Amino acid sequence: MKKDIDNIISTTVNKMVELDNKKILEVGCGSGFITEMLISDNNTVLAIDNDEESLKKVPSSISDLSNVQIEQLAFDEVSDTFDLIVFSLSLHHIEDPLATLNKAKKLLNDGGHLLIIEPDISIVDVDLRDITNVVDCFDKSEKGRLIKSKESIEFLNNKYNLKSIKIRAKWITDDLDELVSVFYEEDYNIDKQTGTDSVIKLLNINDYNDEIVLHDNLTLYLV
Ligand SMILES: C[S@@+](CC[C@H](N)C(=O)[O-])C[C@H]1O[C@@H](n2cnc3c(N)ncnc32)[C@H](O)[C@@H]1O
């Protein structure tokens, strides 16, 4: 499965913020999809996630790098300071997004930045082939959490000058099972078959070998 096939996420990150010569914290790195885009020869990246299983999926091409440190840690436990703190599709998974953003702001060195990457909920109901709508087949609480994180970001926007860019990245696969496995986690309150059936209906899939192209509508915020 190819995510962000046109590299639009990494291009936009690089356009928004300088990554070289920075001490970077990535919060909620999961299997390292965004981590890879943050690494340069002249920076250090501490990528944390509180979920052990997700961290096991970080490829060694990332975890073996000498300037990258992957740690099982919740954001609450972080006390060090950084030049750049990145929430990579993770803010809406953290219980109190506003308190989290306020704490992150305090952990910034002088001149430091927060970069928040979140799904863009303003278009998800319009575009059924949006990743967030696929996630919704398994996790009905996702959109509610996204609204809460967006409200927290807006609150921050009233205090600081915040820059935002909307992008549409593309995912592509020809394997429905692979697509479903990206989203399915045992602790979702829905069984895998029900979720898969909903995805088939949502995407109007007739042939399992068809190429599936999905949109990943995201907003990147820089504080
Ligand atoms: C949707 S995943 C995003 C993973 C990855 N960044 C990506 O873009 O594919 C959100 C991640 O945030 C992690 N997470 C949730 N709460 C967290 C916390 N308090 N501290 C650190 N990580 C957390 C979850 O375990 C999960 O791996």
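**The ligand shell and two exposed asparagines**

Gly28, Asp49, Phe75, Ser88 and Leu89 come nearest among the 18 residues around the ligand (near: a heavy atom within 4 Å of the molecule). This is a predicted model: local features need pLDDT of at least 70, side-chain atom pairs count only at pLDDT 80 or more, and totals for chains, interfaces and linings use all residues. Residues are numbered from 1 along each chain as its sequence is written, and side-chain values use heavy atoms, without hydrogens and water.

Student: What makes the pair between serine 88 and the ligand a polar contact?

Tutor: A polar contact with the ligand is a pair of N or O atoms within 3.5 Å. A backbone N or O atom of serine 88 lies 2.8 Å from a ligand nitrogen, so the pair qualifies. For phenylalanine 75, the distance from a backbone N or O atom to a ligand nitrogen is 3.0 Å.

Student: Why is asparagine 21 called exposed?

Tutor: Exposed means over 50% relative accessible area, buried under 20%, partly exposed in between (1.4 Å probe, protein chains only). Asparagine 21 has 64%, so it counts as exposed. Its phi is positive, near 55°, and it is not a glycine.

Student: How do you know that asparagine 204 is exposed?

Tutor: Its relative accessible area is 59%, so asparagine 204 is exposed. Asparagine 204 also has a positive phi, about 55°, although it is not a glycine.

Student: Why remark on a positive phi?

Tutor: Because most residues other than glycine have a negative phi.

Methods. Polar contact = N/O pair within 3.5 Å; in protein donor to acceptor, adjacent residues only side chain to side chain.
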